[in-house]
Amino acid sequence: MGGNSRKFKKAEKSKIKLKSALKGAKLPKGTNVTKTNFKVRKIVIPDQIKQRNLTDANVLSSRSLTVKDCLAKLKHTNSTAKCDGLRGIREILAKLPTEVTDNHLSTAIKSIASISIDIERDVRRDCYKTLGVLFAAAGQDNVHPFFDVLLSFLRCAMTHIQPRIQEDSLLLLDTYLQHLPQLILLNRDKIFPQFLDMISKLRSESKPERTLTLSLNKQSTNTKWRTRVLMRLIGMLRILIDSKKSQGVEATVENEPMETDDKDNPFTTKSIHVSAIAQPINNVFDYREQLHFPLVRHRLYQPCQLTCLFRKSIGEGKLSLSDQIDEGRKLKTYVQMLMPLLFESWLEVRPTSAGGETIEHVLSHEGATTLGLLLDIAIQLWELIVIYGQETNNVDMTRWFREQYSEDFCNHILKGFPFYQSPGSTGGKGRNAAQMPDDPKERNVDEKCYQQNFNICYLYCCLNENFRSDHSKNYDKVVNYVERCVNNWKFRSPEVNSLLLKVLRYMLLETDHASVNKNTRGLLKTLLEVYIQAKLPQDTRNRILILFCDIIVLNDRLWREYGQEIFTLWLRMLPNLLKKKVIDFNVLKALLCLAKQKNTIFLHSLEENVEDIVANVGAIKMLNEEYQNEGLVLLINLLFWISKRDTLEKLLQPERINLMKIDADIKAYFKSTLETRLANL
């Protein structure tokens, strides 16, 4: 290398150097001018950049990205770029939702759902958040055509090989349940198998019974993982129950068919259909006009399904293809899958001693939480069975459920009743707590476990048809516990209050079995004493009062079985409610039912206090009334059942009517109603 360098330098020196002839030369004047006769090309701006600069700022994210730019970032391999794209879509949806939902909905759903199974946890969580915002902006009807795509990614996440993705699939299901409940309801049969596979497996391919599996990973226990899954199951069942109840309400309020005037058809009646909502309510009653009593009920117009009349009893044979399509068969299959899992889950967390015997009453926080979830699911399955029986006019499913699971319920769950939470257990998160911070918060379980115990009482009564006359130790245990809780009615939680009232209503009124044993009669007496003497919240007092009225009005045999003397003092106190400043509309309807039934004790007390009641008509306030003056109309209808002529004549005095601080129409209705009653005596 050194020799070559020397040769190169020597060759350079040997070259001839020429001096420039122009050195120091200057240009002549007039030639030092800038030439402007050159050509330039136009600067071409790409369409994407031009659109970004000219469109409204509402369709751009904080980083000046359009919807297409944000969706393109979702295909990037970098997790930060994906999160930026998801964040940009949420910002655009917050500013201008129609830009995404109208123009890019299909692409947005497919692109966002595709990263719901991303390997990065932060990307998955951002994806679920963005899907929720997108569903809220688009609505269920617009998302419906693309739900198969969303469903495929949900099932893929539920069965994913990565445990973390399986865990987060519950959060994706939460998003669907919150924003797309009807679509979940329509596709529940596609979700349910993969949902149960997360905590169980089939015992055999030919039977629906399942058995519990181990935990998903070593980071959480079996019980905590199942608790998370069962929480979502409660949400799915609740959507199904609510939809069936709403369908029942719509069927009962359906308007009867009316013929309308058709100019092209000369044989149609010339009647005009006017909506019942648009018709004004005429509260003035004129006894001189002809009265019309509707004899045809709306429900008689509904066609009767022959399958409901000739439905066969549910047997234990193998299900055919046609039977599998039937909703009742599906419901029975779900029950056969879930109920054994519920009992197995309870057997794993129930308190046991070293010898394997159950330690009565004492539960850990984990056990109390699991027991609450299992009871909620069992009660929801029972509600679905009852609704199915009402729809089909068939009690075979109800009878089968009681025969199948009543004994197991008493042996496994009722054995240690009533339960309490151990003082040392807490609901806080420790080292082994759930590793999902965005998971629905754990249920706060009180030390007395009121919610669990009341659900046990309710489910026991549902599973035993003749519980009210039962003399078994199990029913004695249930009645004694409920009676102790009624005597010490100091619950702060409105949910616990509502649950106790639900249990009392079922134990004292529901079911057609009229016979009553000593314990049930004692429970009713205790409830009456507490209602009269204790200082309960007004809403609770109203619900107890309606319960008593329903016992008297709805089931005359049951009232006589309890003993009429129990209600004597209470019935005499009821008219005092009409002298107060505030009364609930539902309570007023219950009092009117008592008057229509011509309950002598109540009517006699009403006549004794009628002058004070009429003087209070202008000052009393009706709660929960749907229309104006609707409560006053009911109150006047209640006074119609007074049977003393001299009392009615005093109320019809002009000076007394003029002193009433009510509308003129209500005064006219008051006068016409009492005059009609006076004329009929």
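## Contacts and overall make-up

In this predicted model, 74% of the protein chain's contacts with a separation of 6 or more join residues that lie 24 or more positions apart. The secondary structure consists of 32 helices and 6 strands.

The protein chain has 681 residues, and 44% of them count as buried. Its exposed area is about 39600 Å², with 52% supplied by carbon and sulfur atoms.

## Helix H20

Helix H20 covers residues 473-487. Its 15 residues, at 1.5 Å a residue, should span 21 Å, and the C-alpha atoms at its ends are 21 Å apart, so the expected and modelled spans agree.

The buried residues of H20 are Tyr475, Val478, Val479, Tyr481, Val482, Glu483, Cys485 and Val486. Among the elements that cover these buried residues are helix H19 (450-463), helix H21 (494-508) and helix H22 (518-533).

## Asp69 in helix H3

Asp69 belongs to helix H3, which runs over residues 67-73. Asp69 counts as buried because its relative accessibility is 11%, and the cut-off for buried is under 20%.

The side chain of Asp69 also makes a polar contact, at 3.1 Å, with the side chain of Thr66.

## A nonpolar surface patch

Ile532, Leu569 and Met573 make a nonpolar patch of about 230 Å² on the surface. Of these residues, Leu569 is placed in helix H25, residues 568-573.

How values were computed:
Residues numbered from 1 in each chain as written. Predicted model: local features only at pLDDT ≥ 70, side-chain atom pairs only at ≥ 80, totals over all residues. Heavy atoms only, no water. Helix = DSSP H or I, 4+ residues; strand = E, 2+ residues; numbered from the N terminus. Expected span 1.5 Å × (residues − 1). Buried < 20%, exposed > 50% of the residue type's maximum accessible area, 1.4 Å probe, protein only. Contact = heavy atoms within 4.5 Å. Patch = residues over 30% accessible without salt bridge, like charges linked within 9 Å, V, L, I, M, F, W, Y side chains within 5 Å. Areas by Shrake-Rupley, 256 points an atom, 1.4 Å probe, with all protein chains shown as cover. Salt bridge = Lys/Arg side-chain N within 4 Å of Asp/Glu carboxyl O. Polar contact = N/O pair within 3.5 Å; in protein donor to acceptor, adjacent residues only side chain to side chain.
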